[in-house]
Amino acid sequence: MTEGCKILIVEDQMLIAMDLERLIEGMDYTVCGLARTRTEALRLAEEHRPDLVVMDVRLADGSDGIAAARELRQRFNIGALMISGQIDAAQAEEAEAEIFLRKPFEPRQLRRAIADALRLRRVDPGSAA
C-alpha cells in the first residue's frame, strides 16, 4: 500500500518538518520534498506530483496552509492531510481536506491519518491525476 506513494511535507518549522520526514520515511513512504511556504509547495508539487501533501495550517512568510491546500487540490488534484495545533471546525471545513491531525500527535496517529487520506483519494472518482 505504501510502495510508490510520494508525500510532500509543507511545514514552516524545519525541526518539525525533519521529524515528519523521518517518521513518514520510516512508514515506507517516499518524501519528495520539504516546503516552508505556499510558493515552495506549489513548485515542488508541480515538479514531483505527490500523492498526498502533509500541510501545516500556518506557513512561513505568512502563507496560509489552508489556501495552499485548496490550490494544490484545484491545480494538481492532490489531497492534503492538514496538521495544526490550533485548528477548529470552521478551518477544517474551509480547507476542504479529507483528514486533519492535531499537534502534538503520536506516530501511530500519523500513520493512520496518512493511510486514511490516501485511501480517500483512491476511492474519490475525481482523484485521478
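## Around R36

Let's start with R36: setting aside neighbours within four places in sequence, this residue is in contact with E11, D12, M14, L59 and A60. The model is a predicted one, and R36 sits in its loop between β2 and α2. The side chain of R36 reaches the backbone oxygen of D12 at 3.2 Å. V10 is 26 residues away from R36 in sequence, yet the C-alpha atoms of the two are 5.6 Å apart in space.

Is R36 buried or exposed? With a relative accessibility of 35%, R36 counts as partly exposed.

## T37, next along the loop

T37 also belongs to the loop between β2 (30-35) and α2 (38-48). T37 is buried, because its relative accessible area is 10%, and the cut-off for that label is under 20%. The side chain of T37 reaches the backbone nitrogen of E40 at 3.1 Å.

Beyond four places in sequence, the contacts of T37 are V10, L59, A60, D61 and S63. L59 and A60 appear here, and L59 and A60 are likewise in contact with R36.

## E11 and its salt-bridge network

Now to E11, which is placed in the loop between β1 and α1. How accessible is E11? Its relative accessible area is 0%, so E11 is buried. The side chain of E11 reaches the backbone nitrogen of Q13 at 3.1 Å. Leaving out neighbours within four places in sequence, E11 is in contact with I16, A17, A35, R36, D56, L59, I83 and K103.

Two of those contacts, D56 and K103, join E11 in a network of salt bridges. Within this network, the closest N and O atoms of D56 and K103 are 3.4 Å apart. D56 lies in strand β3 (residues 52-56) and K103 in the loop between β5 and α5 (107-123), so this pair ties together parts that are 47 residues apart in sequence. D56 is buried, since its relative accessibility is 6%.

## Salt bridges of helix α3

Side chains of opposite charge can pair when their charged atoms come close. How many salt bridges does a search of the whole structure find? The search finds eight. One of them joins E71 to R38, with the closest N and O atoms 2.9 Å apart. This pair links distant parts of the chain: E71 is in helix α3 (residues 65-76) and R38 in helix α2, 33 residues apart. E71 is buried, with a relative accessible area of 18%, whereas R38 is partly exposed at 30%.

E71 also forms a salt bridge with R75, where the closest N and O atoms are 3.4 Å apart. R75 and E71 are four residues apart in helix α3, so about one helical turn separates them. R75 is partly exposed, with a relative accessible area of 46%.

## Helix α2 and what covers it

Which residues of α2 are buried? They are A41, L42, L44 and A45. The cover over these buried residues includes β1 (6-10), β2 and α3. Just after α2, R49 takes a positive phi of about 50°.

## Strands β4 and β5

Strand β4 (residues 79-84) and β5 run parallel and are joined by four bridges. L81 stands opposite I99 in β5.

The side chains along β5 (residues 99-102) alternate. I99 and L101 point to one face and are buried, while F100 and R102 point to the other and are not. The I99 that stands opposite L81 is therefore on the buried face, where the cut-off for buried is under 20% relative accessible area.

## A nonpolar patch on the surface

On the surface, M14, L15 and M18 form a nonpolar patch, with about 320 Å² of accessible area together. M18 is found in helix α1 (residues 14-26). M18 is partly exposed, because its relative accessible area is 44%. The patch also has a link to the opening of this report: M14, one of its members, is in contact with R36.

Conventions: Residues numbered from 1 in each chain as written. Predicted model: local features only at pLDDT ≥ 70, side-chain atom pairs only at ≥ 80, totals over all residues. Heavy atoms only, no water. Buried < 20%, exposed > 50% of the residue type's maximum accessible area, 1.4 Å probe, protein only. Helix = DSSP H or I, 4+ residues; strand = E, 2+ residues; numbered from the N terminus. Pairing = 2+ DSSP bridges. Polar contact = N/O pair within 3.5 Å; in protein donor to acceptor, adjacent residues only side chain to side chain. Contact = heavy atoms within 4.5 Å. Patch = residues over 30% accessible without salt bridge, like charges linked within 9 Å, V, L, I, M, F, W, Y side chains within 5 Å. Areas by Shrake-Rupley, 256 points an atom, 1.4 Å probe, with all protein chains shown as cover. Salt bridge = Lys/Arg side-chain N within 4 Å of Asp/Glu carboxyl O.
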